[in-house]
Amino acid sequence: MEAPRLISWNLTRVCNLACGHCYLDAVQRRREAPDELTTDEALRIVEEIATLAPGAMLVLTGGEPLLRRDLDTLVAAAAARDLMPVIGTNGTLLDARRAAALRSAGAVGVGISLDSITPDFHDRLRGQDGAWGKAVAGLRAAREAGLAVQVQTTLFRENLDGIEALADFAEEIGALALNLFFLVCTGRGVTQTDLDGAEYEAALKRITSLQKQRDKLMIRARCAPYVRRMLGLHAGDESSSYASWSSACLAGRSYFRITPEGKVTACPYIPQAAGDLRAQPLAEIWETAGDFRRLREELPQGKCGGCDYRVSCGGCRARALAFTGDLMGEDAKCAYRPAPVAIPEPQHISQTAPSAATWTPEAQALLERIPGFVRARVRDRLEEAAAREAANEITLEFMRAHSPRELPFGRRPQGLAFLRGRPS
């Protein structure tokens, strides 16, 4: 069974903003609620995560995680166990001192929400005048502190026209990635106007076109696995811009979420708990929980189940649950209709034959420096490339020539940053 490589942890429901689309329905208050995990409980869970998922990326978010008083302690504990701690924040509380402290504790990056290129829409959505300016200041403070930065944007009809301008801005501030999230109607988001199927398709075409035009900024559609179908990528396929797994739904397969109270769900937009860390070991939940087993073993239903991209895309499972009440229902937002002659994608995709190539000591050493949450993927991609090309040896030069774009936070003095020749 594949170990999770990405974990999202809502540390608290406390928040200084009141965003109209918040999936957690976070609240404005000064202190954590009594039922939220204590520091000791959280530190125990960090140990469990490190044991189950060595080298995984751990996204510490909220609410607003900077309002959690033990955040630095948790970051340091995660970094000490070779996890990859990243902070998901609204950015309004992130100044130079706080960014430097997070970097010192062991954080490798931040994802900061910015929903428009100008303040009006962002401030209105976030429920606070001046939120946009503070978020931008937080982005700049993070970069100056040496933290990798991702800009996170939720798409609505009102801000669709600003995608290209946001990409320009993200490049200007030195962001590694622009993640464009398609709204899943959960939490307070159930009251928000979502895009219809045709608007999803049009937006995805713009996003994929924009990515092709830029090689310094990763631009990703999130919670819209149909992008793989638009790119013609089946399970196991990749392109120069999209890795074999990127943008596909990872819920319950290589990804899960922890709530402030220690409940485990398949993703942040799936509210139903698969287990409780106050009552069960994490490994038991990951390996045996019913929702996780369904996501790994069952095919989706409805039109998703008969699709020629039913494995490589399969639809957004959270959106299917929100609309149909069934985790494995069809994703009604997808406007795609397979051609009459299309054959449903097989559930088990044949893989490239294993490579017989050996690794030079220098290449193996560099592989070990790549963060654990993508190391296995990078190794597999390089060995598949060696098999295709009948290469007998994987060298440093071979690694650099076949460098996968798989590291969301790559600007650190190790791993894929070296492969691509990027500055740390």
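Where does Asp82 lie? Asp82 sits in the loop between H2 and strand E5 (84-89). The legends below visit this loop and several other places in a predicted model.

**Figure 1. Asp82 and Ala390 are two loop residues with a positive phi.**
Welcome to the first close-up, which starts with Asp82. The phi of Asp82 is positive, about 65°, although this residue is not a glycine. Asp82 counts as exposed because its relative accessibility is 62%. Now turn to Ala390, found in the loop between helix H14 (372-388) and strand E14 (393-394). Ala390 is not a glycine, yet its phi is positive at about 55°. With a relative accessibility of 60%, Ala390 counts as exposed.

**Figure 2. Ten strands, listed here from edge to edge, make an open sheet.**
To find your way across the sheet, follow the order E9-E8-E7-E6-E5-E4-E1-E10-E11-E12. The pairing of these 10 strands is mixed. Strand E9 (218-222) and strand E12 (275-276) stand at the edges, and each has a single partner strand, so one side of each has no neighbour in the sheet. Take the E12 edge as an example: strand E11 (residues 263-265) pairs with E12 in the antiparallel sense, over two bridges. Here Val264 stands opposite Gly275 in E12.

**Figure 3. Strand E4 is covered on both faces.**
This view moves along the sheet to E4, where five of its five residues are buried. Met57, Val59 and Thr61 are on one side of the strand, while Leu58 and Leu60 are on the other. What does E4 pair with? Strand E1 (residues 6-10) runs parallel to E4, and five bridges join the two. One place to look is Trp9, whose bridge partner in E4 is Leu60. E4 also pairs with E5, in the parallel sense and over four bridges. Between these two strands, Leu58 stands opposite Pro85 in E5.

**Figure 4. Strand E6 (residues 109-113) is mostly covered.**
Which residues of E6 point one way, and which the other way? Gly109, Gly111 and Ser113 point one way, Val110 and Ile112 point the other way, and all are buried. That makes five of the five residues of this strand buried. E5 and E6 run parallel and are joined by four bridges. Among the residues facing each other across this pair are Ile87 and its bridge partner in E6, Val110.

**Figure 5. A cis peptide bond joins Gly62 and Gly63.**
Here we pause at a single peptide bond. Its omega is about 20°. Gly63 belongs to the loop between strand E4 (57-61) and helix H2 (71-80).

**Figure 6. Leu37 is a buried loop residue with contacts from other parts of the sequence.**
Look for Leu37 in the loop between strand E3 (27-28) and helix H1 (39-52). Leu37 counts as buried because its relative accessibility is 4%, and buried means under 20%. Which residues is Leu37 in contact with, leaving aside its neighbours within four places in sequence? They are Trp9, Ile45, Arg68, Thr259, Pro260, Glu261, Gly262 and Arg278. The last of these, Arg278, is 241 residues away from Leu37 in sequence, while their C-alpha atoms are 8.9 Å apart in space.

**Figure 7. Cys223 and Cys316 do not form a disulfide.**
A disulfide is a covalent bond between the sulfur atoms of two cysteines. The structure holds zero disulfides. For Cys223, the nearest cysteine sulfur is that of Cys316, 5.4 Å away. Why is there no bond between Cys316 and Cys223? Their sulfurs are 5.4 Å apart, which is too far for a bond. Cys316 counts as buried, with a relative accessibility of 5%.

**Figure 8. The second largest cavity has a volume of about 120 Å³.**
Of the 13 residues that line this cavity, Lys303, Cys304, Cys307, Cys334 and Tyr336 are the closest to its centre. Helix H8 (226-230) and helix H11 (302-305) each supply at least two residues of the lining. How many residues of each class does the lining have? Eight are nonpolar, two are polar and three are charged. In total, the structure has four cavities of 30 Å³ or more.

Conventions: Residues are numbered from 1 along each chain as its sequence is written. This is a predicted model: local features need pLDDT of at least 70, side-chain atom pairs count only at pLDDT 80 or more; totals for chains, interfaces and linings use all residues. Side-chain values use heavy atoms; hydrogens and water are left out. A disulfide is a pair of cysteine sulfur atoms within 2.5 Å. Buried means under 20% relative accessible area, exposed over 50%, partly exposed in between (1.4 Å probe, protein chains only). On a 1 Å grid over the protein atoms alone, a cavity is a set of points where a 1.4 Å probe fits but cannot get out, and a pocket is an open set with protein on both sides within 12 Å along at least five of seven lines; lining residues have an atom within 4 Å of a point. Grid points are joined across faces, edges and corners, and a volume is the space filled by probe spheres set on the points. Ala, Val, Leu, Ile, Met, Phe, Trp, Tyr, Cys and Pro count as nonpolar, Asp, Glu, Lys and Arg as charged, and the others, Gly among them, as polar. Two strands pair if DSSP finds at least two bridges between them. Contact means heavy atoms within 4.5 Å.
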